[in-house]
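Open the model in your viewer and keep the selection panel at hand. The tour goes from stop to stop, with something to select at each.

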Amino acid sequence: MGELTTRDGTRLTYRDSGGDGAPLVMLHGWGQTQEMFRHQMTGLAPTRRVITVDLRGHGRSDKPRHGYRIARLARDVLDLLDHLGLERVDALGWSMGVSVWWSFMDQCGTGRIRRFVAVDQPAAVAAVPWMTPAEQRESGAIFDVPALLDLGAALAGPDGEQARQDFVRGMFSGSTDPGILAFVAEEIRSTPAYAGVPLLFDHCAQDWRDMLPRVDVPTLVIACEGSHVSLDSQRYVAERIPGARLHVFPTDVASSHFPFLENPPAFNALVDKFLSQENPAG
(Lines give C-alpha, C1' and ligand atoms only; values in the text may rest on other atoms or scores of the structure.)
Protein backbone atom coordinates (compact mmCIF):
# COMPACT_ATOMS: atom_id res chain seq x y z
CA MET A 1 0.00 0.00 0.00
CA GLY A 2 1.15 3.52 -0.75
CA GLU A 3 -0.14 7.02 -0.08
CA LEU A 4 -0.14 10.34 -1.87
CA THR A 5 -1.51 13.76 -1.04
CA THR A 6 -3.49 15.50 -3.76
CA ARG A 7 -3.08 19.15 -4.66
CA ASP A 8 -6.02 20.04 -2.41
CA GLY A 9 -4.52 18.19 0.58
CA THR A 10 -6.47 14.93 0.45
CA ARG A 11 -4.62 11.71 1.30
CA LEU A 12 -5.30 8.83 -1.08
CA THR A 13 -4.35 5.21 -0.53
CA TYR A 14 -3.23 3.14 -3.50
CA ARG A 15 -1.73 -0.26 -4.24
CA ASP A 16 1.05 -0.77 -6.79
CA SER A 17 2.12 -4.27 -7.77
CA GLY A 18 5.44 -2.90 -9.05
CA GLY A 19 7.30 -4.73 -11.76
CA ASP A 20 8.45 -3.74 -15.20
CA GLY A 21 5.29 -4.52 -17.17
CA ALA A 22 3.02 -1.96 -18.80
CA PRO A 23 1.15 -0.05 -16.06
CA LEU A 24 -2.60 -0.64 -15.76
CA VAL A 25 -4.54 1.83 -13.57
CA MET A 26 -7.94 0.52 -12.41
CA LEU A 27 -10.67 2.76 -10.97
CA HIS A 28 -13.55 1.40 -8.87
CA GLY A 29 -17.20 2.43 -8.83
CA TRP A 30 -19.33 4.56 -6.54
CA GLY A 31 -19.31 3.53 -2.89
CA GLN A 32 -16.83 0.74 -3.50
CA THR A 33 -13.07 0.39 -3.05
CA GLN A 34 -9.94 -0.82 -4.77
CA GLU A 35 -10.57 -4.18 -3.08
CA MET A 36 -13.04 -4.83 -5.91
CA PHE A 37 -9.95 -5.62 -7.99
CA ARG A 38 -8.28 -7.99 -5.53
CA HIS A 39 -8.35 -10.80 -8.12
CA GLN A 40 -6.86 -8.56 -10.81
CA MET A 41 -4.03 -7.40 -8.59
CA THR A 42 -2.84 -11.00 -8.44
CA GLY A 43 -4.28 -12.35 -11.70
CA LEU A 44 -2.96 -9.63 -14.02
CA ALA A 45 0.15 -8.53 -12.13
CA PRO A 46 2.47 -11.30 -13.34
CA THR A 47 2.58 -9.75 -16.82
CA ARG A 48 2.00 -6.08 -16.06
CA ARG A 49 2.17 -3.45 -13.34
CA VAL A 50 -1.29 -3.13 -11.75
CA ILE A 51 -2.25 0.01 -9.81
CA THR A 52 -5.48 0.54 -7.89
CA VAL A 53 -6.61 3.42 -5.67
CA ASP A 54 -9.31 4.24 -3.15
CA LEU A 55 -10.89 7.39 -4.57
CA ARG A 56 -11.55 10.20 -2.09
CA GLY A 57 -14.38 9.39 0.29
CA HIS A 58 -13.89 5.65 -0.27
CA GLY A 59 -12.04 2.80 1.39
CA ARG A 60 -8.92 3.81 3.32
CA SER A 61 -8.50 7.20 1.65
CA ASP A 62 -9.38 10.49 3.35
CA LYS A 63 -13.01 11.53 3.53
CA PRO A 64 -12.86 15.33 3.58
CA ARG A 65 -15.88 17.59 3.46
CA HIS A 66 -15.12 18.78 -0.08
CA GLY A 67 -14.42 17.61 -3.60
CA TYR A 68 -17.20 15.11 -4.30
CA ARG A 69 -17.45 15.73 -8.02
CA ILE A 70 -16.35 13.54 -10.92
CA ALA A 71 -14.11 16.33 -12.22
CA ARG A 72 -12.28 16.51 -8.88
CA LEU A 73 -11.79 12.73 -8.82
CA ALA A 74 -10.31 12.92 -12.32
CA ARG A 75 -7.80 15.51 -11.09
CA ASP A 76 -6.97 13.16 -8.21
CA VAL A 77 -6.14 10.48 -10.78
CA LEU A 78 -3.86 12.97 -12.55
CA ASP A 79 -2.14 13.54 -9.21
CA LEU A 80 -1.74 9.75 -8.85
CA LEU A 81 -0.11 9.42 -12.29
CA ASP A 82 2.23 12.33 -11.54
CA HIS A 83 3.07 10.92 -8.10
CA LEU A 84 4.07 7.58 -9.64
CA GLY A 85 5.84 9.18 -12.59
CA LEU A 86 3.61 7.41 -15.11
CA GLU A 87 3.73 9.11 -18.49
CA ARG A 88 1.39 6.67 -20.26
CA VAL A 89 -0.89 3.98 -18.85
CA ASP A 90 -3.56 1.48 -19.75
CA ALA A 91 -6.76 2.74 -18.12
CA LEU A 92 -9.60 0.57 -16.81
CA GLY A 93 -12.72 1.94 -15.21
CA TRP A 94 -15.70 0.12 -13.79
CA SER A 95 -19.06 1.83 -13.29
CA MET A 96 -18.36 5.33 -11.94
CA GLY A 97 -14.67 4.68 -12.57
CA VAL A 98 -15.43 4.86 -16.30
CA SER A 99 -16.93 8.31 -15.80
CA VAL A 100 -13.81 9.40 -13.93
CA TRP A 101 -11.68 8.34 -16.91
CA TRP A 102 -14.04 10.12 -19.33
CA SER A 103 -13.65 13.27 -17.24
CA PHE A 104 -9.88 12.78 -17.20
CA MET A 105 -9.86 12.60 -21.00
CA ASP A 106 -12.19 15.58 -21.24
CA GLN A 107 -9.86 17.72 -19.15
CA CYS A 108 -6.43 16.32 -20.04
CA GLY A 109 -6.87 14.65 -23.42
CA THR A 110 -5.86 11.08 -24.17
CA GLY A 111 -2.11 11.58 -24.50
CA ARG A 112 -1.38 9.70 -21.27
CA ILE A 113 -3.66 6.76 -22.08
CA ARG A 114 -2.49 3.87 -24.25
CA ARG A 115 -5.60 1.70 -24.15
CA PHE A 116 -8.94 1.98 -22.38
CA VAL A 117 -11.26 -0.63 -20.86
CA ALA A 118 -14.78 0.56 -19.92
CA VAL A 119 -16.73 -1.87 -17.73
CA ASP A 120 -20.53 -1.59 -17.51
CA GLN A 121 -21.14 2.17 -17.44
CA PRO A 122 -23.86 4.04 -19.39
CA ALA A 123 -23.11 7.32 -21.17
CA ALA A 124 -25.69 8.90 -18.85
CA VAL A 125 -27.09 7.33 -15.68
CA ALA A 126 -29.97 9.74 -15.08
CA ALA A 127 -32.51 10.84 -17.66
CA VAL A 128 -31.51 14.49 -17.57
CA PRO A 129 -34.15 16.99 -18.79
CA TRP A 130 -32.48 17.87 -22.10
CA MET A 131 -32.72 14.28 -23.37
CA THR A 132 -35.57 13.08 -25.53
CA PRO A 133 -37.21 9.78 -24.52
CA ALA A 134 -35.35 8.06 -27.38
CA GLU A 135 -32.03 9.50 -26.21
CA GLN A 136 -32.74 8.36 -22.66
CA ARG A 137 -33.23 4.80 -23.87
CA GLU A 138 -30.17 4.87 -26.14
CA SER A 139 -27.80 6.21 -23.51
CA GLY A 140 -29.02 3.70 -20.90
CA ALA A 141 -30.47 6.07 -18.30
CA ILE A 142 -31.32 3.96 -15.26
CA PHE A 143 -33.65 6.44 -13.55
CA ASP A 144 -34.99 9.96 -13.87
CA VAL A 145 -33.98 12.97 -11.79
CA PRO A 146 -36.82 12.64 -9.21
CA ALA A 147 -35.81 9.01 -8.61
CA LEU A 148 -32.19 10.13 -8.19
CA LEU A 149 -33.26 12.70 -5.60
CA ASP A 150 -35.30 10.05 -3.78
CA LEU A 151 -32.33 7.67 -3.72
CA GLY A 152 -30.06 10.38 -2.34
CA ALA A 153 -32.56 11.22 0.37
CA ALA A 154 -32.87 7.55 1.33
CA LEU A 155 -29.09 7.07 1.50
CA ALA A 156 -28.72 10.17 3.68
CA GLY A 157 -31.75 9.40 5.86
CA PRO A 158 -32.20 7.38 9.05
CA ASP A 159 -32.65 4.17 7.06
CA GLY A 160 -29.52 4.76 5.02
CA GLU A 161 -28.05 1.36 5.87
CA GLN A 162 -31.05 -0.43 4.41
CA ALA A 163 -30.97 1.85 1.36
CA ARG A 164 -27.32 0.93 0.78
CA GLN A 165 -28.06 -2.78 1.05
CA ASP A 166 -31.00 -2.50 -1.36
CA PHE A 167 -28.82 -0.52 -3.76
CA VAL A 168 -26.16 -3.24 -3.74
CA ARG A 169 -28.67 -6.08 -4.12
CA GLY A 170 -30.15 -4.41 -7.18
CA MET A 171 -26.86 -4.82 -9.04
CA PHE A 172 -27.10 -8.62 -8.95
CA SER A 173 -29.49 -10.93 -10.76
CA GLY A 174 -30.16 -14.63 -10.69
CA SER A 175 -28.40 -16.85 -8.18
CA THR A 176 -25.93 -14.64 -6.38
CA ASP A 177 -22.93 -15.92 -4.48
CA PRO A 178 -23.72 -14.84 -0.89
CA GLY A 179 -20.04 -14.34 -0.16
CA ILE A 180 -19.62 -11.85 -3.01
CA LEU A 181 -22.82 -10.05 -2.07
CA ALA A 182 -21.70 -9.75 1.56
CA PHE A 183 -18.27 -8.50 0.50
CA VAL A 184 -19.71 -5.77 -1.73
CA ALA A 185 -22.23 -4.77 0.94
CA GLU A 186 -19.44 -4.45 3.50
CA GLU A 187 -17.16 -2.36 1.26
CA ILE A 188 -19.88 0.22 0.59
CA ARG A 189 -20.01 1.01 4.30
CA SER A 190 -16.65 2.79 4.03
CA THR A 191 -18.23 5.75 2.21
CA PRO A 192 -20.14 8.10 4.54
CA ALA A 193 -23.36 9.67 3.33
CA TYR A 194 -21.92 13.21 3.37
CA ALA A 195 -19.42 12.05 0.74
CA GLY A 196 -21.42 9.46 -1.15
CA VAL A 197 -24.68 11.31 -1.70
CA PRO A 198 -23.32 14.47 -3.41
CA LEU A 199 -20.90 12.36 -5.43
CA LEU A 200 -23.67 10.03 -6.55
CA PHE A 201 -25.78 12.99 -7.65
CA ASP A 202 -22.89 14.55 -9.57
CA HIS A 203 -21.97 11.22 -11.15
CA CYS A 204 -25.50 10.40 -12.25
CA ALA A 205 -26.18 13.91 -13.60
CA GLN A 206 -23.24 13.75 -16.04
CA ASP A 207 -23.96 13.31 -19.74
CA TRP A 208 -20.90 11.85 -21.47
CA ARG A 209 -22.39 11.35 -24.93
CA ASP A 210 -20.33 14.19 -26.40
CA MET A 211 -17.15 12.65 -24.98
CA LEU A 212 -17.47 9.25 -26.64
CA PRO A 213 -16.37 10.25 -30.18
CA ARG A 214 -13.29 11.93 -28.69
CA VAL A 215 -11.97 8.72 -27.13
CA ASP A 216 -9.27 8.16 -29.76
CA VAL A 217 -7.40 5.25 -28.15
CA PRO A 218 -8.09 1.51 -28.60
CA THR A 219 -11.09 0.72 -26.39
CA LEU A 220 -12.78 -2.39 -25.05
CA VAL A 221 -16.32 -2.06 -23.66
CA ILE A 222 -17.37 -4.88 -21.30
CA ALA A 223 -21.03 -5.64 -20.54
CA CYS A 224 -22.91 -8.37 -18.66
CA GLU A 225 -26.27 -9.84 -19.59
CA GLY A 226 -27.21 -10.12 -15.90
CA SER A 227 -26.30 -6.55 -14.93
CA HIS A 228 -28.75 -3.79 -14.09
CA VAL A 229 -26.94 -1.76 -16.78
CA SER A 230 -28.67 -2.43 -20.10
CA LEU A 231 -26.84 -4.13 -22.95
CA ASP A 232 -28.21 -1.49 -25.34
CA SER A 233 -26.41 1.20 -23.36
CA GLN A 234 -23.12 -0.65 -23.77
CA ARG A 235 -23.69 -1.14 -27.48
CA TYR A 236 -24.35 2.61 -27.68
CA VAL A 237 -21.00 3.38 -25.98
CA ALA A 238 -19.08 0.94 -28.18
CA GLU A 239 -20.68 2.21 -31.38
CA ARG A 240 -19.77 5.83 -30.64
CA ILE A 241 -16.17 5.35 -29.54
CA PRO A 242 -14.21 5.07 -32.79
CA GLY A 243 -13.05 1.50 -33.37
CA ALA A 244 -14.21 0.26 -29.96
CA ARG A 245 -14.88 -3.43 -29.36
CA LEU A 246 -17.78 -4.76 -27.28
CA HIS A 247 -17.63 -7.95 -25.24
CA VAL A 248 -20.76 -9.24 -23.51
CA PHE A 249 -20.47 -11.80 -20.70
CA PRO A 250 -23.48 -14.15 -20.86
CA THR A 251 -25.26 -14.95 -17.61
CA ASP A 252 -23.59 -18.34 -17.32
CA VAL A 253 -20.22 -16.56 -17.12
CA ALA A 254 -21.13 -13.50 -14.99
CA SER A 255 -24.60 -12.36 -13.99
CA SER A 256 -24.10 -9.01 -12.29
CA HIS A 257 -22.43 -5.62 -12.37
CA PHE A 258 -19.31 -7.29 -10.90
CA PRO A 259 -17.80 -9.68 -13.51
CA PHE A 260 -14.28 -9.22 -12.09
CA LEU A 261 -15.51 -10.66 -8.76
CA GLU A 262 -17.87 -13.30 -10.13
CA ASN A 263 -15.54 -14.82 -12.68
CA PRO A 264 -11.98 -13.50 -12.31
CA PRO A 265 -10.39 -16.00 -14.75
CA ALA A 266 -12.73 -15.04 -17.60
CA PHE A 267 -12.46 -11.31 -16.85
CA ASN A 268 -8.67 -11.37 -16.49
CA ALA A 269 -8.17 -13.38 -19.66
CA LEU A 270 -10.31 -10.96 -21.66
CA VAL A 271 -8.56 -7.85 -20.34
CA ASP A 272 -5.10 -9.37 -20.67
CA LYS A 273 -5.74 -10.40 -24.28
CA PHE A 274 -7.00 -6.93 -25.23
CA LEU A 275 -4.11 -5.11 -23.58
CA SER A 276 -1.56 -7.50 -25.09
CA GLN A 277 -2.72 -7.42 -28.71
CA GLU A 278 -0.58 -5.52 -31.19
CA ASN A 279 -3.62 -4.07 -32.92
CA PRO A 280 -6.73 -4.36 -30.71
CA ALA A 281 -8.94 -2.04 -32.79
CA GLY A 282 -11.99 -3.29 -34.65
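In which helix do Trp101 and Phe104 both lie, and how many residues apart are they? Select helix H3, residues 96-108: both are there, 3 residues apart, about one turn of the helix. Helices here are DSSP runs of H or I with at least four residues, strands are E runs of at least two, and both are numbered from the N terminus.

Before moving on, note that this is a predicted model: local features need pLDDT of at least 70, side-chain atom pairs count only at pLDDT 80 or more, and totals for chains, interfaces and linings use all residues. Residues are numbered from 1 along each chain as its sequence is written, and side-chain values use heavy atoms, with hydrogens and water left out.

**Aromatic pairs**

The structure holds 9 aromatic pairs (Phe, Tyr or six-membered Trp rings with centres within 6.5 Å; planes under 30 degrees apart are stacked, over 60 edge-to-face, the rest tilted). Show the rings of Trp101 and Phe104: they pair edge-to-face, 5.4 Å centre to centre, with 75° between the planes. Trp101 has 0% relative accessibility, so it counts as buried (under 20% relative accessible area with a 1.4 Å probe, protein chains only; exposed is over 50%, partly exposed in between). Phe104, at 1%, counts as buried too.

Next, select Phe260 and Phe267. Their ring centres are 5.7 Å apart and their planes at 75°, so this pair is edge-to-face. Phe260 and Phe267 are both buried. Now add Phe37, Trp94, Phe172 and Phe258: with Phe260 and Phe267 they form one aromatic cluster.

**Arginines**

Go to Arg38. Its charged end sits over the ring of Phe183, 3.9 Å from the centre (the rule: NZ of Lys or CZ of Arg within 6 Å of the ring centre and within 35 degrees of the ring normal). Then select Arg65, which lies over the face of Tyr194 at 3.6 Å from the ring centre.

Arg209 is in the loop between H8 and strand S9 (219-224). Is Arg209 buried or exposed? Buried, with a relative accessible area of 17%. Its side chain makes a polar contact with the side chain of Asp207 at 2.8 Å (N or O atoms within 3.5 Å, one able to donate a hydrogen and the other to accept it; residues adjacent in sequence count only if both atoms are side-chain atoms).

**Last stop: helix H8**

Select H8, residues 193-205. This helix gives the most to the lining of the largest cavity, with 3 residues.
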